[in-house]
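Biologist: Got a minute to walk me through this one? I'd like the strands, the pocket and any odd backbone spots.

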Amino acid sequence: MKKSSSASNLSNSNPNSTVQQTNPNDPSTFVKNSALKQSFYGMAYTPEGSQLPECGNSLADVITDIQLMSQLTTRIRIYGADCNQSALVLEAIKQTKVNMTVYLGNYNVPTDGGAAYVRQRDEIKAALQTYGTDHVSGITVGNEFMLNYLTDAGATDPNSAIGNTGAQLLIVNITDTRSMLKDLNIDLPVGTSDAGSFFNNEVLAAVDYGMANVHPWFANTSIDDAAAWTASFFSETDVAQAAQVSNNPKMYIAETGWPTKSSSAADATDGVSAASIPNLQTFLNDFVCQANTNGTGYFFFEYFDEPWKDAEFGGVEGWWGLFNSNRTLKDGITIPDCTS
């Protein structure tokens, strides 16, 4: 689907950008950073300021982010559609003229009668009508929906009766997304994202792909074992489960990485290894090129630090970025040099 005749009125000026442009009025003339390598299969990304009700994001910042991330990967995934982030990302890709596709996201919740889903569905629909699908890889419906549903219910088995009840809520949204795309005469994959141990078989049967959060930090692994643990868990848990479902949906790692610091002493280690820049570097060295060689589709977590998460959740939550929140590469990080 090509772009409709509807033109964007978004602007692109960013005097505070960390990226230089040979033509300040043309974001596609950005100067490449020799420290960055297009070595990652994909990158997890949320535009700064994309949380309701504030919605403080800007096209100028997203353009800077796309300029930087396009030097790391040709694929990104976003989590939700609130605050116009789908359109902002697609407009930034358009203006920078980079080779980039995005998995758009609908961050629905189990407890609001579908309000968040409908709100974001309509944002995604409008973005598709404006920008078409040339730079869209798929629509991901749900981010840890089953994990959250089961946690609220005091349960842990995604394929229990309780899990199947939650699955039906999610499947309604997945089916509706397919209907929306059909109405637009668009053919795109529709998937879901969840914690690696929380995929429901009925949900997997309803999607084209699944994205699994696979975090060695939260599994209390040693940094020396982290990359191998990630590969083994993903293969033995998520890929194996999907292979048992009749449609065998494609599985990706939605998030994996290592935090570089903690705001609290209690969370400074995962019980074995520290949250630190040297340990992030170890994980980069051990995981990225090997995953590329193995043909694993993954979205590295994450592009930059997110201060709002630190303010809301504390601990390591805000400190997973390759870049600082000011969009400078963290001192001590060397990007692996291998083809994704």
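**Surface, sheet and pocket**

Modeller: D224 counts as exposed, because its relative accessibility is 61%. Keep in mind that this is a predicted model.

Biologist: Which helix holds D224?

Modeller: D224 sits in helix α7.

Biologist: And how far is D224 from T282 in space?

Modeller: The C-alpha atoms of D224 and T282 are 7.6 Å apart. In sequence, 58 residues separate the two.

Biologist: On to the strands. How many residues of β4 are buried?

Modeller: 8 of 8. Strand β4 covers residues 136-143 and is mostly covered.

Biologist: In what sense do β3 and β4 pair, parallel or antiparallel?

Modeller: Parallel, over 5 bridges. Strand β3 is residues 101-106. One bridge pair is G105 with T140 in β4.

Biologist: Which helix does the chain cross through from β3 to β4?

Modeller: Helix α3, residues 115-131. This β-α-β crossover is right-handed.

Biologist: What about β4 and β5, how many bridges?

Modeller: 3 bridges, in the parallel sense. I139 has V190 in β5 as its bridge partner. N143 is bridged to S193 in β5.

Biologist: How many residues of β5 are buried?

Modeller: 6 of its 6 residues, so to speak of β5 as mostly covered is fair.

Biologist: How many bridges join β5 to β6?

Modeller: 5, and the two strands run parallel. T192 has G210 in β6 as its partner. A195 is matched with N213 in β6.

Biologist: Why call β6 largely enclosed?

Modeller: Because 5 of the 5 residues of β6 are buried, the rest of the structure largely encloses it.

Biologist: Which residues of β6 lie on which side?

Modeller: Y209, M211 and N213 are on one side, G210 and A212 on the other. All of these are buried, so both faces of β6 are covered. In a regular strand, side chains alternate between the two faces of the sheet.

Biologist: Which residue in β7 is the bridge partner of N213?

Modeller: E255. Strands β6 and β7 (residues 250-256) run parallel and are joined by 5 bridges. The chain gets from β6 to β7 through α7, in a right-handed β-α-β crossover.

Biologist: New topic. How much space lies in the largest pocket?

Modeller: About 1,100 Å³.

Biologist: Which residues lie nearest its centre?

Modeller: Y107, N143, E144, E255 and K309. The lining of the largest pocket has 39 residues.

Biologist: Which elements give two or more residues to that lining?

Modeller: α3, α4 (145-153), α7 (223-243) and α9 (307-313). The largest share is from α9, with 4 residues.

Biologist: How does the lining of the largest pocket split by class?

Modeller: 18 nonpolar, 13 polar and 8 charged residues.

Biologist: Now helix α1. Why is α1 said to be largely enclosed?

Modeller: Because 10 of the 11 residues of α1 (residues 59-69) are buried. Among the buried ones are L59, V62, I63, D65 and Q67.

Biologist: What covers the buried residues of α1?

Modeller: The cover includes β1 (43-44), β2 (75-77) and α2 (85-96).

Biologist: Backbone oddities next. What is the peptide bond from L52 to P53, cis or trans?

Modeller: Cis, with omega near 0°. P53 is in the loop between β1 and α1.

Biologist: And the bond from F301 to E302, cis or trans?

Modeller: Also cis: omega is near 5°. E302 is in the loop between β8 (298-300) and α9.

Biologist: What is the phi of N220?

Modeller: About 60°, so positive, although N220 is not a glycine. N220 lies in the loop between β6 and α7. At 47% relative accessibility, N220 counts as partly exposed.

Biologist: Where is R327, and is it buried or exposed?

Modeller: R327 is in the segment after α9. R327 counts as buried because its relative accessibility is 9%, and the cut-off for buried is under 20%. Its phi is near 70°, again a positive value in a residue other than glycine.

Methods:
Residues numbered from 1 in each chain as written. Predicted model: local features only at pLDDT ≥ 70, side-chain atom pairs only at ≥ 80, totals over all residues. Heavy atoms only, no water. Buried < 20%, exposed > 50% of the residue type's maximum accessible area, 1.4 Å probe, protein only. Pairing = 2+ DSSP bridges. Right-handed = clockwise from strand over helix to strand, strands pointing away. 1 Å grid on protein atoms, 1.4 Å probe; cavity = no way out; pocket = protein on both sides within 12 Å on 5 of 7 lines; lining within 4 Å. Points joined across faces, edges and corners; volume = space filled by probe spheres on them. Nonpolar A, V, L, I, M, F, W, Y, C, P; charged D, E, K, R; others polar. Contact = heavy atoms within 4.5 Å.
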